[in-house]
Amino acid sequence: NQSLEKLDLWRTGLSAEGASALASALRVNHSLKVLNISGNRISDAGVSALAGALRVNQSLEKLGLGSTGLSAEGASALASALRVNHSLKKLNIRKNKIPDAGVSALAGALRVNQSLEKLVLTSTGLSAVGASTLASALCVNHSLKELNISGNMIRDAGVSALAGALRVNQSLEKLDLWRTGLSAEGASALAS
């Protein structure tokens with residue numbers, strides 16, 4: 001179908017094999033702009049297949065992969081795709097356990113990707129180290145307008161690193177720090 005623009009498969013029981021089949025279709029589809037697969041345990045195998053499709057698909061603008069069971073391996077596959085994809089504007093990978101290695105790969109992609117405008121990393125296990133890595137990427141990224149890292153205990157060290165990036169970054173308009181362990185010290189760093 002070359003007229004379908006939005007496909008919502010939230011909590012439909014989609015498997016990694018189903019995600020791989022969907023990825024094959026994405027490689028040749030030119031109309032789909034929004035794809036939500038959140039709530040399906042497609043794991044790193046399914047996410048990696050979709051990431052492969054993102055390397056060639058240039059129509060998809062929003063991708064929802066929340067609660068899909070992706071880890072550092074899936075995040076790295078997505079990061080690799082983001083380095084060459086120029087259409088994706090919103091990526092939601094909330095409620096997946098992504099260790100610092102996965103966050104580091106995503107931060108590396110943010111250094112070169114100039115299309116992504118919104119990144120949702122809510123409740124991904126992001127640490128202060130991961131926040132610092134993201135902050136470093138924000139210093140050179142000019143497209144990201146919204147970053148949601150709520151539900152991650154980055155505490156003051158992570159918030160301070162992000163505050164430093166905000167002094168340089170000119171594109172970020174919204175930074176969600178709800179439930180990050182922010183104290184008066186971190187708030188002071190943000191305010192300065």
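## Contacts of Leu60

Contact here means heavy atoms within 4.5 Å. On that basis, in this predicted model, Leu60 touches Leu32, Lys33, Val34, Leu35, Leu54, Ser87 and Leu88, with residues up to four places away in sequence not counted. Leu60 is found in the loop between H2 and strand S3, the strand of residues 62-64. Its relative accessible area is 0%, so Leu60 falls under the 20% limit and is buried.

A distance to another part of the chain can be added. Between Leu60 and Gly108 the C-alpha to C-alpha separation is 21 Å in space, and the two residues are 48 residues apart in sequence.

## Nonpolar core

In soluble globular proteins, nonpolar side chains tend to be buried together. The largest nonpolar core of this model has 54 residues, of which Leu35, Leu50, Leu65, Leu91, Ile93 and Ile149 touch the most other members. Six helices each give two or more residues to this core: H1 (16-26), H2 (43-54), H3 (72-82), H4 (100-112), H5 (128-138) and H6 (155-166).

The surroundings of Ile93 can be listed in detail. Leaving aside residues up to four places away in sequence, Ile93 touches Leu65, Gly66, Leu70, Leu78, Ile98, Leu106, Val120, Leu121 and Thr124.

## Salt bridges

Side chains of opposite charge can pair when their charged atoms come close. A search of the whole structure finds 2 salt bridges. In one of them, the side chains of Glu146 and Lys118 meet at 3.5 Å, N to O. Because Glu146 lies in strand S6 (residues 146-148) and Lys118 in strand S5 (residues 118-120), this pair ties together parts that are 28 residues apart in sequence. Lys118 has a relative accessibility of 22% and therefore counts as partly exposed.

Glu146 also meets Lys174 in a salt bridge between their side chains, at 3.8 Å, N to O. This pair links distant parts of the chain, with Glu146 in strand S6 and Lys174 in strand S7 (residues 174-176), 28 residues apart. Lys174 is partly exposed, its relative accessible area being 44%. Through shared partners, the salt bridges join Lys118, Glu146 and Lys174 into one network.

## Backbone exceptions

Most residues other than glycine have a negative phi. Ser123, which is not a glycine, nevertheless has a positive phi of about 50°. Ser123 lies in the loop between S5 and H5, and at 24% relative accessibility it counts as partly exposed.

Arg155, likewise not a glycine, has a positive phi of about 55°. Arg155 is found in helix H6 and is partly exposed, with a relative accessible area of 46%.

## Largest pocket

Rolling a probe the size of a water molecule over the atoms shows where empty space is left. The largest pocket has a volume of about 160 Å³. Its lining consists of Lys6, Asp8, Val34, Leu35, Asn36, Ser38, Lys62, Leu63, Gly64, Lys90 and Asn92. The elements that give two or more residues to this lining are strand S1 (6-8), strand S2 (34-36), S3 and strand S4 (90-92).

By class, the lining of the largest pocket has 3 nonpolar, 4 polar and 4 charged residues. Leu35 appears among these lining residues and is also one of the residues that touch the most other members of the largest nonpolar core. Val34 and Leu35, both in the lining, are among the residues that Leu60 touches.

Notes: Residues are numbered from 1 along each chain as its sequence is written. This is a predicted model: local features need pLDDT of at least 70, side-chain atom pairs count only at pLDDT 80 or more; totals for chains, interfaces and linings use all residues. Side-chain values use heavy atoms; hydrogens and water are left out. A nonpolar core is a set of buried Ala, Val, Leu, Ile, Met, Phe, Trp, Tyr and Cys residues joined through side-chain atoms within 4.5 Å. Buried means under 20% relative accessible area, exposed over 50%, partly exposed in between (1.4 Å probe, protein chains only). Helices (H or I, at least four residues) and strands (E, at least two) are DSSP runs, numbered from the N terminus. A salt bridge is a side-chain nitrogen of Lys or Arg within 4 Å of a carboxyl oxygen of Asp or Glu. On a 1 Å grid over the protein atoms alone, a cavity is a set of points where a 1.4 Å probe fits but cannot get out, and a pocket is an open set with protein on both sides within 12 Å along at least five of seven lines; lining residues have an atom within 4 Å of a point. Grid points are joined across faces, edges and corners, and a volume is the space filled by probe spheres set on the points. Ala, Val, Leu, Ile, Met, Phe, Trp, Tyr, Cys and Pro count as nonpolar, Asp, Glu, Lys and Arg as charged, and the others, Gly among them, as polar.
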